[in-house]
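Dear colleague,

I am handing over the structure below, and I would be glad if you could keep it open beside this message while you read what was found in it.

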Amino acid sequence: MNKRLNARVIPLCAAVAWCASAACASSLGTLETFLKSTKAGRADFTQVVTSPAKPGQTTARSKTSTGQFSFVRPTRFRFDYLKPFPQVIVADGQTLWLYDADLEQVTARKQAQSLSSTPAALVATAVDLSALQKEFSLEAQADADGLQWVQATPKNRESTIQSVRMGLRADGAQVSLGKLEIFDAMGQRSVLSFERFEVNPANLGAAQFNFVTPKGVSVIRP
């Protein structure tokens, strides 16, 4: 490479590298804004779970579910799975409830012991970056698909989650959740895409996260 071309290419490469670095760094700032300013949220979601191909199979298996998600920071959230099978996951501030309508069974666990290094901590329970960094190593990533991305890796080596990629959508001062990509220790990938995300809806309160066990349904407390 001649000296004149080299003199042009080196500054250009440096500028591109700086821009990429700045874009990545901004995603951590966007996450901080999401944690601090988005005190509550509600959205529709589509979840696609892809499992590794079994021996002898050439393609991975995937399952799609749809439902509604809501949360009030820092202790309450719920997933209402509507299709293809009804299922409810509710954190009411004290207990994490998992209701499987088909099995007619509820599993109840102490919330404080169940959520520290889970995707729910990323979305609904952490109040700022410092709180999140107690449980996760955070890495800013480049923008893609119109979203700003942060990868979170649990610090707890016994976590069933390998990593989580969080895609955030910034609209002025408001930040909403666009996607979650969850990779577990078994090689399974789960992608949740959120639509019609409402930031701090006025009609969303603690009462909507109460769970009442249906009549005739057994409760298991591991």
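Threonine 38 counts as buried because its relative accessibility is 1%, and the cut-off for that word is under 20%. Please bear in mind that this is a predicted model. Threonine 38 sits in the loop between helix H1 (3-37) and strand E1 (40-51), and its side chain reaches the backbone oxygen of valine 175 at 2.9 Å. If neighbours within four places in sequence are left aside, threonine 38 is in contact with Thr33, Phe71, Arg73, Val175, Phe197, Val199 and Asn200.

Alanine 124 is the next residue to look at, and you will find it in helix H2, which covers residues 119-125. Alanine 124 also counts as buried, since its relative accessibility is 1%. Its contacts, again without the neighbours within four places in sequence, are Phe71, Val72, Arg73, Pro74, Arg76 and Phe77. With valine 72 there is a separation of 52 residues along the chain, while the C-alpha atoms of alanine 124 and valine 72 are 6.8 Å apart.

Finally, there is the matter of empty space, which shows up when a probe the size of a water molecule is rolled over the atoms. The largest pocket holds about 1300 Å³ of space. It is lined by 42 residues, of which Gln47, Tyr81, Gln87, Ile89 and Ser190 are the closest to its centre. Sorted by character, the lining of the largest pocket is made up of 19 nonpolar, 15 polar and 8 charged residues.

With kind regards

Technical notes
Residues numbered from 1 in each chain as written. Predicted model: local features only at pLDDT ≥ 70, side-chain atom pairs only at ≥ 80, totals over all residues. Heavy atoms only, no water. Helix = DSSP H or I, 4+ residues; strand = E, 2+ residues; numbered from the N terminus. Buried < 20%, exposed > 50% of the residue type's maximum accessible area, 1.4 Å probe, protein only. Contact = heavy atoms within 4.5 Å. 1 Å grid on protein atoms, 1.4 Å probe; cavity = no way out; pocket = protein on both sides within 12 Å on 5 of 7 lines; lining within 4 Å. Points joined across faces, edges and corners; volume = space filled by probe spheres on them. Nonpolar A, V, L, I, M, F, W, Y, C, P; charged D, E, K, R; others polar. Polar contact = N/O pair within 3.5 Å; in protein donor to acceptor, adjacent residues only side chain to side chain.
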